[in-house]
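Trainee: I should like to learn how to read helix packing and chain contacts in a model. Could we work through an example together?

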Amino acid sequence: MSAPPKTTASGLVTPRPQLRKARSRSYALTVRAFGPVVLLALWWVASATGLLTPDVLASPAEVLRAVVELWDNGQLSDALTTSLTRSGIGLLIGLAAGLTLGITTGFTRLGDELLDSSLQTLRTIPFLSLVPLFMVWFGINETAKILLIAVATTFPMYVSTSSGVRNTDPKLIEAMRSFGMGRLATVREVVLPGALPSLLAGLRLSMTLSVIALIAAEEINATAGIGYLMSQAQSYARTDILAVCILVYGLLGLAADIVVRLLERVLMPWRTPQGASR
Amino acid sequence: MTTDTPTTPAVRVRDLRRVFGDRAVLDDLELDIARGEFVALLGASGSGKTTLLRILGALDGADGGEVLVPEARTIVFQEPRLVPSKKVLANVTVALPRSRSAHGLRALAEVGLERHADAWPATLSGGEAQRVALARALVREPELLLLDEPFAALDALTRLKMQDLVGELCRIHRPAVLLVTHDVDEAVRLADRVAVLRDGRLITDETVTVDRPRDPGNPAFAALRRRLLGDLGVAAPPQPVPAPVEPTPGRTEVGVI
């Protein structure tokens with residue numbers, strides 16, 4: 001790029017391919033960590049200079065102290081366990097439902113005609129509007145919370161799955177059929193692996209939504225969990241605990257992203273770096 | 001279809017019709033292929049040769065007529081059509097019971113790829129991927145092997161090697177073969193019989209009498225070649241000069257190498 005191409009007497013040039021330079025892992029990690037570190041530094045500077053008063057948002061040091069305090073008296077781990085169980089079970093139900101529905105509508109014409117329009121209608125209903133209805137139906141117990149998370153996570157998974165399944169190369173399916181592969185085996189061995197990129201995108205969206213739905217579910221009459229911790233902190237104006245809870249939610253989202261990235265690497269070993277496929 | 005004498009047909013087609021819109025692509029077509037016979041079907045682009053193959057392979061329906069094919073039949077498509085998420089050996093034994101992987105390895109060895117059994121399809125070259133597709137078709141011990149322009153997407157050198165490989169493997173396994181192609185030289189090199197499809201029916205159907213190994217310089221080869229090109233509506237050059245053809249995947253014109 002920088003050096004001018006050497007021209008030989010015959011007017012020919014030496015081709016210079018632009019190769020990507022190999023970079024060390026630690027360098028990549030440093031670059032990745034740069035953004036969060038800068039944010040943290042800004043927060044700390046703003047608190048230290050008095051720009052950010054403690055009644056608006058606690059300083060990083062106070063938040064760290066709150067984490068230690070909550071961890072020592074067991075409140076944080078209890079809340080985390082409760083919340084993660086809720087969102088985990090809800091997410092599992094939602095993923096299973098979305099996957100099943102998505103495969104049905106994506107792979108069979110009958111399923112598409114029968115289910116898709118109603119599912120697309122249901123999908124547009126904001127799940128938050130279901131909160132009062134769920135409270136009437138199921139009361140204010142765990143079922144209502146888990147089902148709310150399940151409903152919220154079903155639809156992103158459904159949309160991604162059905163589009164991924166629909167995008168399977170029809171020539172490949174035809175070839176498999178000509179070799180006598182059954183429909184179920186085709187779904188398991190060809191369609192689903194082919195749809196994995198979409199499935200993982202759906203998983204990513206569903207995981208994010210499960211945290212959002214968790215917050216919504218825990219805002220209503222919870223007696224345990226991160227949301228409960230937050231509403232307690234709100235009544236005592238403990239901005240340090242509020243900040244801890246918000247950070248926990250953020251870290252949950254980050255963890256979900258890391259999980260999906262790992263899954264991408266583990267579940268799709270056939271993907272070459274060039275993304276070529278035959 | 002019960003006895004296994006050489007005279008029993010592997011394929012029997014009578015009065016076959018296939019209509020797209022108001023155009024009859026196949027019109028009262030008749031075709032017989034004996035067991036172990038290698039038939040090459042020539043035709044210009046859009047003449048319906050692939051449609052005929054797809055009907056024989058049960059991938060398309062017919063609009064009329066009688067079609068009889070053996071139960072065991074496999075297809076090699078123009079593209080390899082390998083499942084990207086399965087390793088090479090699993091692609092060969094796709095839809096077969098797990099106990100058949102030894103057969104799969106043997107089939108891979110026959111196409112010279114036993115060392116690639118554990119590779120991903122994306123890492124193979126075009127010729128290698130097509131050889132895997134050939135192994136996948138042969139491991140099922142087909143009585144009818146349908147080849148749908150299997151060499152069209154390959155470069156000229158790989159194509160020649162693949163033609164030799166297919167010819168040799170067909171001599172060993174003796175399936176009935178229908179090779180759909182638009183390459184006259186390929187047809188004459190490999191086939192026991194060549195047929196030309198035009199206007200919905202076979203306007204030529206003759207046994208190839210050129211001695212094997214078939215050399216394009218042989219006068220009988222050249223004469224047959226010229227005649228077939230004439231049937232295809234292409235004026236043959238006076239001297240058969242082997243001109244290099246660019247390896248364009250999915251080329252549509254009548255190949256003349």
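**Reading helix packing and the chain contact**

Mentor: In this predicted model, A:Val67, A:Leu70 and A:Trp71 of α2(A) meet A:Gln75, A:Leu76 and A:Ser77 of α3(A). By class, this contact has 4 nonpolar, 2 polar and no charged residues.

Trainee: At roughly what angle do the axes of α2(A) and α3(A) cross?

Mentor: The axes of α2 (residues 60-72) and α3 (residues 75-107) of chain A cross at roughly 80° and come within 4 Å. Angles of 65 to 115 degrees count as roughly perpendicular, and α2(A) and α3(A) are therefore roughly perpendicular to each other.

Trainee: Which residues of α7(A) are buried, and why do they line one face of the helix?

Mentor: A:Ala175, A:Met176 and A:Ser178 are the buried residues of α7(A). Viewed down the helix axis, they fall within an arc of 160°, so they line one face of α7(A). Their packing partners are α8 of chain A and β5 (73-76) of chain B. After α7(A) comes A:Gly180, with a positive phi near 85°.

Trainee: How should the contact between the chains be described?

Mentor: The size of an interface is often given as the accessible area lost when the parts come together. Here one may count residues instead: chain A gives 18 residues to the contact and chain B gives 19 residues. On the side of chain A, the elements that give two or more residues are α7 (170-178) and α8 (183-219).

Trainee: Which element gives the largest share of that side?

Mentor: The largest share, 6 residues, comes from α7(A). By class, the side of chain A that touches chain B has 10 nonpolar, 5 polar and 3 charged residues.

How values were computed:
Residues are numbered from 1 along each chain as its sequence is written. Chains are lettered from A and ligands numbered from 1 in the order in which they are written. This is a predicted model: local features need pLDDT of at least 70, side-chain atom pairs count only at pLDDT 80 or more; totals for chains, interfaces and linings use all residues. Two residues are in contact if their C-beta atoms, placed from the backbone, lie within 7 Å. Ala, Val, Leu, Ile, Met, Phe, Trp, Tyr, Cys and Pro count as nonpolar, Asp, Glu, Lys and Arg as charged, and the others, Gly among them, as polar. Axes are lines fitted to C-alpha atoms, for helices over the stretch in contact, and angles run from 0 to 180 degrees between N-to-C directions. Angles under 35 degrees count as roughly parallel, over 145 as roughly antiparallel, 65 to 115 as roughly perpendicular and the rest as oblique. A residue is buried if 20 or more other C-beta atoms lie within 10 Å of its own, exposed if 12 or fewer, and partly exposed in between; C-beta atoms are placed from the backbone. The arc is that of the directions from the helix axis to the C-beta atoms.
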